[in-house]
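User: Can you walk me through this model? I'd like to start with how the chains meet, then look at some residues.
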Amino acid sequence: MTLAVSILPEQQLAVLNAAYHQAVSRRRLRLLLGVVVFAAALVLAGFGAEVNLRTLFTYFGNFVSYFDRILTLDSGQRVWTDIGEWFWGLRKWLRMLGETLLISYVGTLIGATFAFCLNFFAAENTSPSPWLRFVVRRLLEFARTVPGIVFALIFVIAFGLGPMAGVLAIAIHSTGALGKLFSEIVENADMKPVEGIRSTGASWLSCMRFAIVPQVTAGYASYALLRFEINVREASVMGFVGAGGIGQELVVAIRKFYYSDVSAILLTIIVTVFIIDISTGWLRGRLFGREART
Amino acid sequence: MTEPQEVDTRELRARYPDVFDRPASARLAMPAMIVAAFAILVYGLVDLDFSPSRFFSGLSQLGWISVMMIPPDPGSSLPVYLKALGETLSIALLGTTLAALFALPVSLLAARNIVPSNILRFPVRRFLDSIRGVDTLIWALVWINVVGLGPFAGVLAIAVSDFGAFGKLFSEAIEGADQKQVEGIRASGGSALHEIRFGLLPQVLPVIAGQVLYFIESNTRSATIIGIVGAGGIGLQLAEQIRVLEWQKVSFLILMILVAVAAIDFVSSKLRFAIIGRRAVA
């Protein structure tokens with residue numbers, strides 16, 4: 001069996017080819033334009049950020065040797081040759097790490113509670129009045145957009161140095177983030193139970209309690225756990241501004257060039273974050289099945 | 001009209017024992033969890049020095065601070081602040097781009113369909129994970145030690161910490177790509193590099209572009225923060241003004257950050273829709 005490839009007549013082919021080239025060249029031109037604009041923005045940004053490649057090349061050795069130094073003990077040996085010496089402050093660091101975990105736990109719980117109270121006012125389908133929804137939404141947006149550490153800086157001045165400022169900063173930031181996610185869950189909830197409850201003459205509060213809450217608790221808990229994970233990372237740097245936790249130790253070690261301490265503290269933080277990630281993942285899987293993991 | 005039937009509860013109980021008598025473990029699990037959560041909360045509040053008197057005196061302080069913040073007023077340093085804002089945006093853009101450039105080749109090594117060997121892939125993944133486990137602020141502190149104070153340290157900090165995140169996200173995008181096109185290239189005699197260039201990249205690039213844009217957006221926020229430890233940008237100004245208690249300037253700076261973030265959000269969501277179409281944006 002022979003196959004014949006049909007070839008179009010010359011004229012038709014030329015027209016089609018021209019159309020193809022035109023289409024492709026237009027797309028290429030647009031891509032080129034995009035690339036040029038992007039490159040121009042990069043160059044502009046390079047001036048804005050005072051990028052100095054010579055500094056980078058001169059000091060890049062420092063970056064590599066920095067890691068060499070944080071992996072060397074005062075005695076000049078590698079850190080893993082003497083674990084006891086490397087982790088000499090383990091007891092203290094573990095206590096600070098515990099404090100960090102507590103900060104993120106308490107902050108997440110307070111934030112989740114506030115978000116729970118506020119989100120029914122922010123959701124499209126349950127809010128009692130439009131202007132209330134507008135106000136609550138703007139409030140949540142504000143709490144979410146201002147970075148947690150900026151709140152911490154201000155709270156350290158208002159509430160004094162210590163973990164309290166960190167807890168409150170994390171609580172406010174979590175309220176903003178969770179409030180938005182929670183209200184999105186409520187917006188996806190089925191409204192038929194609400195109508196059923198309302199038809200019995202129940203108040204708005206009872207409608208929320210008996211029609212909405214049973215539908216959404218699983219989603220709430222899942223997001224709250226996810227938030228806890230994020231807050232553990234966030235709490236580990238709260239100490240940079242004096243708001244408690246392991247960050248305090250770390251910033252002192254980095255600023256005062258206690259090299260082996262830096263690597264030891266970093267390693268404990270990384271391991272803790274791993275453990276928290278894995279265990280909350282496991283907990284979410286246990287509580288809500290695979291689907292609820294997003 | 002039918003008469004309401006007598007319900008024989010005893011028979012129902014016998015038929016569905018699980019519904020009527022839930023085991024004690026199932027009934028007690030929820031209250032136990034709530035009690036435990038509450039107990040940890042109380043312990044935490046005590047351990048972290050929460051006292052009502054401290055809380056309320058702090059709250060009244062905070063009230064004073066908010067009163068002093070009004071009205072927001074930059075004083076005479078508006079040009080300085082605008083320059084700092086430009087610095088912050090530059091840090092976000094450059095840092096993200098650098099991270100994406102370096103992460104693309106590494107993410108190929110971490111993708112299952114490119115590097116099938118577990119032994120090769122595992123260390124790459126753990127390496128990316130541990131980079132991600134360290135916060136941007138910590139990287140900023142490290143880079144300040146290396147290249148000195150200033151925005152350049154910020155660029156490098158964002159580049160490194162995003163490198164970890166991008167490596168993971170890109171490799172997931174690559175693993176999700178359709179293998180048929182790759183096989184098609186292979187069938188027509190293409191080399192491994194051809195497979196990646198013509199089979200994979202056209203599928204993956206729009207996804208990656210969307211992620212990069214999203215990160216530029218979220219890095220505008222991170223870039224405002226890293227100034228607090230001395231890595232340039234508007235955060236530096238903000239931290240300074242908070243330390244010298246110039247509250248009107250502080251509120252002005254916060255407003256500036258909010259407006260800038262909203263503007264970047266708007267632009268990048270427009271761009272993302274243009275690149276990958278409305279539906280593909282999750």
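**Chain contacts and selected residues**

Analyst: Chain B and chain A bury about 5,000 Å² between them, and carbon and sulfur atoms give 83% of that area. Buried area here is the accessible area (1.4 Å probe) that two parts lose on being put together, summed over both. This is a predicted model: local features need pLDDT of at least 70, side-chain atom pairs count only at pLDDT 80 or more, and totals for chains, interfaces and linings use all residues. Residues are numbered from 1 along each chain as its sequence is written, chains are lettered from A and ligands numbered from 1 in the order in which they are written, and side-chain values use heavy atoms, with hydrogens and water left out.

User: Which three residues of chain B supply more of the area buried against chain A than any other three?

Analyst: L48(B), V146(B) and F152(B), with 12% of the area that chain B buries there.

User: And how many residues does each chain put into the contact?

Analyst: Chain B gives 59 residues and chain A gives 55. Contact means heavy atoms within 4.5 Å.

User: How many salt bridges and polar contacts are there between chain B and chain A?

Analyst: The salt bridge count is 0. A salt bridge is a side-chain nitrogen of Lys or Arg within 4 Å of a carboxyl oxygen of Asp or Glu. Polar contacts link 5 residue pairs across the interface, both residues at pLDDT 80 or more. A polar contact is a pair of N or O atoms within 3.5 Å; within protein, one must be able to donate a hydrogen and the other to accept it, and residues adjacent in sequence count only if both atoms are side-chain atoms.

User: Which helix gives the largest share of the chain B side?

Analyst: Helix α7 (residues 136–147) of chain B, with 9 residues. Helices (H or I, at least four residues) are DSSP runs, numbered from the N terminus.

User: Switching topic. How many salt bridges over all chains?

Analyst: The count is 15. One of them joins R233(A) and D277(A), with the closest N and O atoms 2.8 Å apart.

User: Where do R233(A) and D277(A) lie?

Analyst: R233(A) is in helix α9 (residues 204–238) of chain A and D277(A) in helix α11 (residues 259–288) of chain A, so the pair ties together parts that are 44 residues apart in sequence. R233(A) is partly exposed at 24% relative accessibility, and D277(A) is partly exposed at 23%. The cut-offs: buried is under 20% relative accessible area, exposed over 50%, partly exposed in between (1.4 Å probe, protein chains only).

User: What about K83(B) and E87(B)?

Analyst: They form a salt bridge at 3.8 Å between the closest N and O atoms. The two are 4 residues apart in helix α5 (residues 78–110) of chain B, so about one helical turn separates them. K83(B) is exposed at 55%, whereas E87(B) is buried at 10%.

User: Back to chain A. S104(A): buried or exposed?

Analyst: Buried, with a relative accessible area of 0%. S104(A) sits in helix α4 (residues 90–122) of chain A. Its side chain reaches the backbone oxygen of L101(A) at 2.9 Å.

User: What else is S104(A) in contact with?

Analyst: Leaving aside neighbours within four places in sequence, I170(A), F228(A), N231(A), V232(A) and A235(A).

User: And T100(A)?

Analyst: T100(A) is in helix α4 of chain A too, and is buried at 2%. Leaving aside neighbours within four places in sequence, its contacts include V232(A), A235(A) and G245(A).
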